[in-house]
Amino acid sequence: MKGETGREVVVIGGGVAGTSLVLQLVRALAGRRPPHPVRAVRVVDPRPAGWGLAFGDEDPLLLCNSAAELNSLLADRPGDFVDHLRAHGWTGSAKDCVPRARMAEYCADRADRAREQAGRAGIVVEHVRASAESIGTAADGRGGHRVRLSTGEELYADDVVVCTGVQRPRVPRGFAEFRHHPRYLDSPYPASRIRQGLRPRSRVLVLGSRQSAADAALLLCRDGHRATLSSPSGKLPAVRESLAAPLHAYPPLERISRLDPADPHLEARLVRCVVEAVRLQDRRPLRRQVSHATDPVRRLREETALAEAGACAWPDVIVPVIEQVIELAPELPAGRLEELSAEFAWLTDRYATALARVNARRLLAHFDSGALRLVRPYPRAVSFEGGLWRVERSGAAPETYDYVINATGFERPVLHWDRERTALHLEGAPAGGTAVSGLEADLRVRSGPGAPPQRVWVVGVGTHVRIPFSNHLRNVVRQARQVADRLAEPTPSPDFSVISAIRPMPSGDRPS
């Protein structure tokens with residue numbers, strides 16, 4: 001408005017990434033004397049702060065996969081989530097995994113506090129209950145951007161931060177034509193879909209065998225259904241107490257970010273760093289700290305016993321390994337990150353996303369009772385006949401089920417330029433559009449090689465085009481802190497300095 005000073009910021013997404021960005025931006029602004037460089041922050045999300053797909057489920061059976069000590073929204077206050085829990089009567093350990101709803105409640109509480117803090121400083125923070133569809137150039141001569149909403153309205157923004165998480169479930173092989181079938185659930189979330197949508201004592205085929213499938217199995221078996229897991233790999237995640245902060249520094253892991261990206265033996269050297277780090281914690285050979293059973297349920301049982309006996313040290317190195325690989329990734333030549341990801345799929349599929357011991361023990365109880373089983377191979381043919389799913393697998397007799405639940409995970413969010421490269425689309429590719437295949441070192445987008453970076457940032461899961469383990473919460477919070485600090489600068493320069501936690505890519509590999 002005329003006479004007002006300060007920029008207007010639109011944050012797209014009110015989950016963990018968006019809430020963290022707002023908290024840290026308000027803190028940075030409130031610490032400065034007026035006039036503030038930002039006068040208004042608008043968070044665009046149809047749901048309340050924190051109550052998104054990742055954490056916004058009230059079912060107490062669904063736990064965070066990481067320890068409470070890792071879930072702070074503030075980069076400089078790692079104990080903030082634990083402080084919040086303690087203030088609300090929680091008496092657990094900082095290394096415990098808590099129900100996901102506690103994380104959503106924390107986000108909502110801190111968002112309310114940030115709004116109040118901003119108001120005292122004369123800064124407007126608003127929550128716009130809508131979805132954002134696209135980001136275009138403002139047409140009124142003001143510069144900046146216009147964010148088009150699902151309501152048909154548009155918001156003006158000098159700066160836009162895209163903090164959207166996962167939304168679209170993957171389509172499992174063989175089920176594309178059944179995506180809208182009334183007996184097919186495209187996701188286990190929210191859990192109320194299972195509690196309220198299934199007939200009592202149903203037989204349910206769960207597609208997948210990782211975290212989402214484990215959640216589905218726990219929910220189904222608790223509610224009296226009989227569940228069958230099936231996935232192409234036929235493997236269940238490994239088991240640990242929780243994904244917690246490391247007990248101490250691991251010098252061998254600190255070498256990872258300094259490895260030569262062009263080294264043809266990079267994979268072997270990375271593995272060597274991990275093995276040496278584990279040995280600092282436990283002298284037993286790594287092969288004795290995991291199960292080698294070929295039967296997935298037996299392997300789950302043996303790895304649960306190892307975790308309960310404190311006989312595996314590898315979980316303590318997972319967080320520093322993830323964070324060192326994140327630091328190394330931007331140095332890698334084009335395509336090398338994808339090669340490494342494929343090479344180490346065994347690490348990410350079973351160990352980086354391992355089951356919390358408490359959930360592993362629950363799954364074993366359901367396997368033992370007969371309420372849960374895992375079958376291989378994955379279905380080769382499926383049909384719906386006479387009110388039942390008919391599923392065929394090679395080498396086995398056909399089986400029937402009342403329902404099918406897709407628990408294979410979610411597609412990672414991708415931004416798309418329109419044909420003219422004048423607008424970014426958040427949901428799907430427009431005709432003739434081009435996917436944003438990379439980000440600048442400071443997480444801004446540009447419309448093409450040689451074009452100036454836009455005042456549009458990406459924080460959180462959407463940074464997967466540049467950053468591995470893009471959903472690692474500590475890294476998301478650090479990204480949010482760095483972008484918030486740039487937005488809080490009194491006179492932002494055309495080119496921002498590089499985010500300290502992320503190394504710049506070689507000039508020849510700048511993505512569009």
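# Exercises on a predicted model

Leaving aside neighbours within four places in sequence, His464 is in contact (heavy atoms within 4.5 Å) with Arg412, Pro413, Val414 and Ser470. The model is predicted: local features need pLDDT of at least 70 and side-chain atom pairs count only at pLDDT 80 or more, while totals for chains, interfaces and linings use all residues. Residues are numbered from 1 along each chain as its sequence is written, and side-chain values use heavy atoms, with hydrogens and water left out.

**Exercise 1.** Place His464 and Asp263 in their loops, and decide whether each is buried or exposed.

*Solution.* Step one is the location. His464 lies in the loop between β22 (453-458) and α13 (473-487). Asp263 lies in the loop between α6 (251-254) and α7 (266-281). Helices (H or I, at least four residues) and strands (E, at least two) are DSSP runs, numbered from the N terminus.

Step two is accessibility. Buried means under 20% relative accessible area, exposed over 50%, and partly exposed in between (1.4 Å probe, protein chains only). His464 counts as buried because its relative accessibility is 12%. Asp263 is buried, with a relative accessible area of 12%.

Step three is the surroundings. Apart from neighbours within four places in sequence, Asp263 is in contact with Arg269 and Arg336.

**Exercise 2.** Trace the open sheet from edge to edge and describe two of its pairings.

*Solution.* Two strands pair if DSSP finds at least two bridges between them. The sheet has six strands, in the order β6-β5-β4-β19-β18-β20, with antiparallel pairing. Its edges are β6 (154-157) and β20 (434-435), each of which pairs on one side only.

Next, take β5 (residues 145-149) and β6: four bridges pair them in the antiparallel sense. Arg148 stands opposite Glu154 in β6. Four residues separate the strands of this hairpin, where Gly152 has a positive phi near 95°.

Then take β4 (residues 132-137), joined to β19 (residues 423-425) by three bridges, the two strands running antiparallel. Here Ser134 is opposite His425 in β19.

**Exercise 3.** Which residues of helix α2 are buried, and what helps to cover them?

*Solution.* Within α2 (residues 80-87), the buried residues are Asp80, Phe81, Val82, His84 and Leu85. Their cover includes α3 (100-120). After the helix comes Gly89, with a positive phi near 90°.

**Exercise 4.** Identify the residues with the most contacts inside the largest nonpolar core, and follow one of them outward.

*Solution.* A nonpolar core is a set of buried Ala, Val, Leu, Ile, Met, Phe, Trp, Tyr and Cys residues joined through side-chain atoms within 4.5 Å. The largest has 72 residues, and Val206, Leu300, Trp314 and Leu363 have the most contacts inside it. Beyond four places in sequence, Leu363 is in contact with Ala214, Ala217, Leu218, Leu300, Leu355 and Leu372. A second, separate core has 43 residues, among them Val9, Leu23, Val98 and Val476.

**Exercise 5.** State where the model calls for caution.

*Solution.* pLDDT is the predictor's confidence in each residue, from 0 to 100. The protein averages 92, and 94% of the residues score at least 70. Over residues 493-512, however, pLDDT stays under 50, although the model has 61 contacts beyond four places in sequence for them. Where pLDDT is low, the predicted coordinates should not be read in detail.
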